[in-house]
Each structure stands twice: as C-alpha cells, then as structure tokens.
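Trainee: Please choose one part of this model and take me through it closely. I would like one connected account that starts at its centre and then moves outwards.

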Amino acid sequence: MLFDTHVHLNVEQFDEDVEEVIERAKTAGVEWMNVIGFDRPTIKRAIELAENYEFIYATVGWHPVDAIDMTEEDLSWIEELASHPKVVALGEMGLDYHWDKSPADIQKEVFRKQIRLAQKVNLPIVIHDREAHEDVVAVLQEEEAEKTGGIMHCFGGDAEMAAKCLEMNFYISFGGPVTFKNAKLPKEVAADIPMDRILIETDCPFLAPHPYRGKRNEPSYVTLIADKIAEIKGMDPEAFYAQTTDNARRLFRLEGN
Ligand SMILES: [Zn+2]
Ligand SMILES: [Zn+2]
C-alpha cells in the first residue's frame, strides 16, 4: 500500500495510455495518487482525473517557470477550485532559477500570492524548488508558511534546509534522485528525516528512478523509491510503505475517508 504524492498523469506524455498506467500502479500496490496541476490545461485535467477515479486526488496551482503568465483570473479560478472535494492542496508553487522564462521577482510575487491564498482557504502547499533553496526558505518564513505547512516536493536541499522546513510544519518528499548511484546528498538527508514527516513521489513522467533513469517515469515505479529509502533507513519495506501512506493521508486530511 503506497501513496504517490506527486504525479503528472495530466500531461501529454500520458495521453495515449493513462488507463494502463493507472492499472499498473494499482497492481504495484499504489493505492492513492495526487495529480498536480501547474497551469490552465493541467489543472483542468487534474480535476478530471480526480473526478474519474476515486483513489486520485488533485492539487492545483501555478508553476514558477510560468509565473509570468499567471493572471488574476487564474488565481481566482484556483481559489474556486480549492473547495472542490477532491482538491487536497495548492501548488505546485515555488521558485525555479534553472529556467529564465519568468524573472525572479515575478516568481516570488506569484509564490507569495499562492501562499496567502492557501492560508485563506486553509490548504497545505506543495513547493517546487530548483536552484533556489535560500530564497524558497526565506519566502516561506516571511509568509509564515507554517500556518498551512505542506510538502517540499522532490527535495534537493541539505540537512540544514530540511531542518528549517520541518520546523515550518513541512513534510519532506523524495523522488527518483534518491535511487541514483551518484546521488549522495538525498540519501544522507533521507536517512535523518523523522519517520512521521517523510513522503515519497515519482514526479512522473519526469525523473524516473534507477534503472529507468532517462525514460518516462510512472507511478508504479514509486516502489523503487520507497524500497531505496527503506533500505537507507534499515526498515522493513512494508512498514515504510504503511508509514509514508499514513503521513500523506494525515497531511491531505483524508484520515477516516
Ligand atoms: Zn516540481
Ligand atoms: Zn511536479
């Protein structure tokens, strides 16, 4: 029993065979999935998938790479969707300094607006951070993000950053990179995250774990990520699956459903 907390089954890479991909995930033991929308078309599709499948939930928000495109209407639409019964979080939001489509000041403004919206509608937030560790932490602290907490998705920071995020009520989520042979940092960081604050995700179709690195990722591969972290922590894999699933259900407020 696993919960893949970050999937993009809502992108064109899954247009042809999304039903088979979902079927393979179920067979692999992936009980629940959270589909993340990050712009107009992917938000729409995330909601559709969440409405079609009882075990799929949705998260809606605006990606920092496209921050420059977000309008006030988009933000109001996200606010409307926040009350949809299958929407469990807002995001993914954050900062991405790898790509330069949206200038940093616009990214920060769009990030702040979404954090404030999450506080207004009382939902946790899903954070995307690429090459922007310090600024992401600074914005989260300034906006008092501990009020909602949320997920540091595909966490790539160090132990010191993880400690700051844990302090702000965030869960730390690990993806494919934790399985890469040359990835020392995520392995070291994962080893020390408290068991009640760790999550797993594929971020599919991106970042496929070893031995599928470079290929299209899919939710059934989340077992490879879970098994690797269980090994790092010296835990029984089944116990690790159960604990991370409990964590996700607590964060998304699905307990008792
Ligand atoms: Zn992301
Ligand atoms: Zn993502």
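Mentor: Let us take the metal site, and begin with the sequence: along the chain, the donors of the zinc ion (ligand 2) follow the spacing H-x1-H-x83-E-x110-D. Please bear in mind throughout that this is a predicted model. In atomic terms, the zinc ion (ligand 2) is coordinated by NE2 of His6, NE2 of His8, an OE atom of Glu92 and an OD atom of Asp203, at 2.1 to 2.6 Å. The angles that these four donor atoms subtend run from 85 to 179°, which makes the arrangement irregular. A tetrahedral label would require every angle to lie between 85 and 135 degrees, and the upper end of the range here, 179°, is outside that window, so the label cannot apply.

Glu92 deserves particular attention, since this residue bridges the zinc ion (ligand 2) and the zinc ion (ligand 1), which lie 3.3 Å apart. The site also brings together distant parts of the chain, for His6 belongs to strand 1 (residues 2–7) and Glu92 to strand 4 (residues 87–96), with their positions 86 residues apart. Both His6 and Glu92 are buried; for Glu92 the relative accessibility is 2%, and that is why Glu92 counts as buried.

Turning to the other metal, the zinc ion (ligand 1) is coordinated at 2.0 to 2.1 Å by an OE atom of Glu92, by ND1 of His128 and by NE2 of His153. Its donors are spaced along the chain as E-x35-H-x24-H. Because Glu92 lies in strand 4 and His128 in strand 5 (residues 125–130), this pair ties together parts that are 36 residues apart in sequence. His128 has a relative accessibility of 12% and therefore counts as buried too.

From the metals we can move to the space around these residues. The largest pocket has a volume of about 680 Å³, and 28 residues line it, those closest to its centre being His128, Asp129, Arg130, Asp203 and Leu207. Two names in that group are already familiar, as His128 is a donor to the zinc ion (ligand 1) and Asp203 is a donor to the zinc ion (ligand 2). Strand 4, strand 5 and helix 7 (184–192) each supply at least two residues of the pocket lining, and the largest share, three residues, comes from strand 5. By character, the lining of the largest pocket divides into 12 nonpolar, eight polar and eight charged residues.

The enclosed spaces complete the picture, and here the count comes to two cavities of 30 Å³ or more. The largest cavity holds about 40 Å³ of space, and among the residues that line it are His128 and His153, both of which are donors to the zinc ion (ligand 1). Asp129 is part of that cavity lining as well, and strand 5 again gives the largest share, with three residues. In contrast to the pocket's eight charged residues, the lining of the largest cavity has one charged residue, beside five nonpolar and three polar. The second largest cavity, with about 30 Å³ of space, has a lining that includes Cys154 and Phe155, two residues that also appear in the lining of the largest cavity. No charged residue is found around the second largest cavity, whose lining divides into six nonpolar and two polar residues.

Methods
Residues numbered from 1 in each chain as written. Chains lettered and ligands numbered in written order. Predicted model: local features only at pLDDT ≥ 70, side-chain atom pairs only at ≥ 80, totals over all residues. Heavy atoms only, no water. Donors = N, O, S within 2.8 Å, 3.2 Å for Na, K, Ca; no water. Tetrahedral: all angles 85-135°; square planar, octahedral: opposite > 155°, others 65-115°. Helix = DSSP H or I, 4+ residues; strand = E, 2+ residues; numbered from the N terminus. Buried < 20%, exposed > 50% of the residue type's maximum accessible area, 1.4 Å probe, protein only. 1 Å grid on protein atoms, 1.4 Å probe; cavity = no way out; pocket = protein on both sides within 12 Å on 5 of 7 lines; lining within 4 Å. Points joined across faces, edges and corners; volume = space filled by probe spheres on them. Nonpolar A, V, L, I, M, F, W, Y, C, P; charged D, E, K, R; others polar.
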